[in-house]
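The following note sets out points on the structure shown below, for consideration alongside the coordinates. The points run from the overall fold to individual residues.

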Amino acid sequence: MSADADLDRIVDAATRLFAELGFDGTSPRLIADAAGVDPATVDRLTGGKTELYREVMRRATDAEKAAVGGAAGGFTPTRQGVERLLDEYLDFYSAHPEYLGLWLHRRTGDAADTADLEEQYVRPRLGGIVKALREAVPGDVDLDLTIWTIPWVISGFLSQRALGTRAEGEEEESDGPYRNISRDELERFRAHLHMLLERMLTLPDGPDR
């Protein structure tokens with residue numbers, strides 16, 4: 001087995017464990033056992049637990065960028081532009097609960113010695129959207145908090161679901177620390193998000209209406 005293959009297995013195992021248990025709750029031994037290697041191999045290939053965590057977060061961010069890159073790269077400050085970006089973001093995290101788990105743990109103060117990751121990965125991305133929207137929304141809208149509201153709401157729904165969104169008779173299922181969400185629930189939530197953003201931002205329609 002090549003070192004690259006070992007490293008990929010280690011990163012995959014660490015991603016699952018960090019998402020489920022958090023950085024602080026995951027030991028190097030747990031990672032090594034899950035990856036099928038010895039702890040010395042983990043240290044040698046990753047530089048230690050903290051550096052491994054940084055690699056996990058880098059890969060998670062790269063995966064998100066690839067998924068929403070089209071909407072973000074060609075973003076326009078219109079209703080359609082915002083909805084397209086929102087849809088790709090929602091679809092990415094609903095399909096990858098392990099990446100959602102990484103960010104949820106960070107909100108509880110997990111991995112406190114890597115506090116620079118938000119500044120490195122999150123603020124530049126959201127800051128660019130705020131800048132693009134600034135002239136298009138009413139002046140009484142707190143645009144910074146409005147844009148931050150979206151990942152908060154999405155992560156809350158995907159991790160907990162809202163009371164009453166499950167159809168009558170639908171059985172509760174679980175997928176690790178996350179609840180399975182049906183396609184109908186997801187589409188209901190998507191429509192709610194579109195309405196929420198339209199009410200908050202009152203953006204103009206684009207030419208592709």
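1. Read from the N terminus, the protein chain of this predicted model follows the order α-α-α-α-α-α-α-α-β-β-α. The secondary structure amounts to nine helices and two strands. Of the 209 residues in the protein chain, 40% are buried. Among the contacts with a separation of 6 or more, 67% join residues 24 or more positions apart.

2. Helix 9 covers residues 183-201 and holds 19 residues; at 1.5 Å a residue it should span 27 Å, and the 27 Å between its end C-alpha atoms agrees with this. The buried residues of helix 9 are E185, L186, F189, R190, L193, H194, L197 and L201. These buried residues pack against two other elements, helix 5 (79-95) and helix 8 (143-160).

3. The segment after helix 9 contains T202. This residue is not a glycine, yet its phi is positive, near 45°. With a relative accessibility of 46%, T202 counts as partly exposed, because buried means under 20% and exposed means over 50%.

4. A second residue with a positive phi is A111, which is not a glycine and has a value of about 55°. The general expectation is that most residues other than glycine have a negative phi. A111 lies in the loop between helix 6 and helix 7. Its relative accessible area is 1%, so A111 is buried. The reviewer may wish to inspect both sites: A111 is buried, whereas T202 is partly exposed.

5. What is the volume of the largest pocket? The value is about 260 Å³. The lining comprises 16 residues, of which W103, R107, V122, W148 and P151 are the closest to the centre of the pocket. Two or more lining residues come from each of helix 5, helix 6 (97-106), helix 7 (116-133) and helix 8. Helix 8 gives the largest share, with five residues. By class, the lining of this pocket has 10 nonpolar, one polar and five charged residues.

6. The structure also holds three cavities of 30 Å³ or more. The largest cavity has a volume of about 260 Å³, and 17 residues line it, with L85, L126, I129, I147 and I150 the closest to its centre. At least two residues of this lining come from each of helix 4 (49-73), helix 5, helix 7, helix 8 and helix 9. The classes represented are 15 nonpolar and two charged residues, with no polar residue.

7. The second largest cavity has a volume of about 50 Å³. Which residues line the second largest cavity? They are R79, V82, E83, H194, L197, E198, L201 and L203. The elements that give two or more residues to this lining are helix 5 and helix 9. Helix 9 supplies the largest share, four residues. Three of the lining residues of the second largest cavity are charged, one is polar and four are nonpolar. H194, L197 and L201, which appear in this lining, are also among the buried residues of helix 9.

8. The count of aromatic pairs comes to eight. For F18 and F23, the ring centres are 5.7 Å apart and the planes meet at 40°; the pair is therefore tilted, a class that lies between stacked (under 30 degrees) and edge-to-face (over 60). Are the two residues buried or exposed? F18 has a relative accessibility of 1% and so counts as buried. F23, with a relative accessible area of 7%, is buried as well.

9. One aromatic cluster is formed by Y89, F92, Y93 and Y99. In describing any pair of aromatic rings, the distance of the centres and the angle of the planes are the quantities to quote.

10. In summary, the points to check against the coordinates are the positive phi values of A111 and T202, the lining of the largest pocket, to which helix 8 gives the largest share, and the lining of the largest cavity, with 15 nonpolar and two charged residues.

Methods:
Residues are numbered from 1 along each chain as its sequence is written. This is a predicted model: local features need pLDDT of at least 70, side-chain atom pairs count only at pLDDT 80 or more; totals for chains, interfaces and linings use all residues. Side-chain values use heavy atoms; hydrogens and water are left out. The expected span of a helix is 1.5 Å times one less than its number of residues. Buried means under 20% relative accessible area, exposed over 50%, partly exposed in between (1.4 Å probe, protein chains only). Contact means heavy atoms within 4.5 Å. On a 1 Å grid over the protein atoms alone, a cavity is a set of points where a 1.4 Å probe fits but cannot get out, and a pocket is an open set with protein on both sides within 12 Å along at least five of seven lines; lining residues have an atom within 4 Å of a point. Grid points are joined across faces, edges and corners, and a volume is the space filled by probe spheres set on the points. Ala, Val, Leu, Ile, Met, Phe, Trp, Tyr, Cys and Pro count as nonpolar, Asp, Glu, Lys and Arg as charged, and the others, Gly among them, as polar. Rings of Phe, Tyr and Trp (its six-membered ring) pair if their centres lie within 6.5 Å; planes under 30 degrees apart count as stacked, over 60 as edge-to-face and the rest as tilted.
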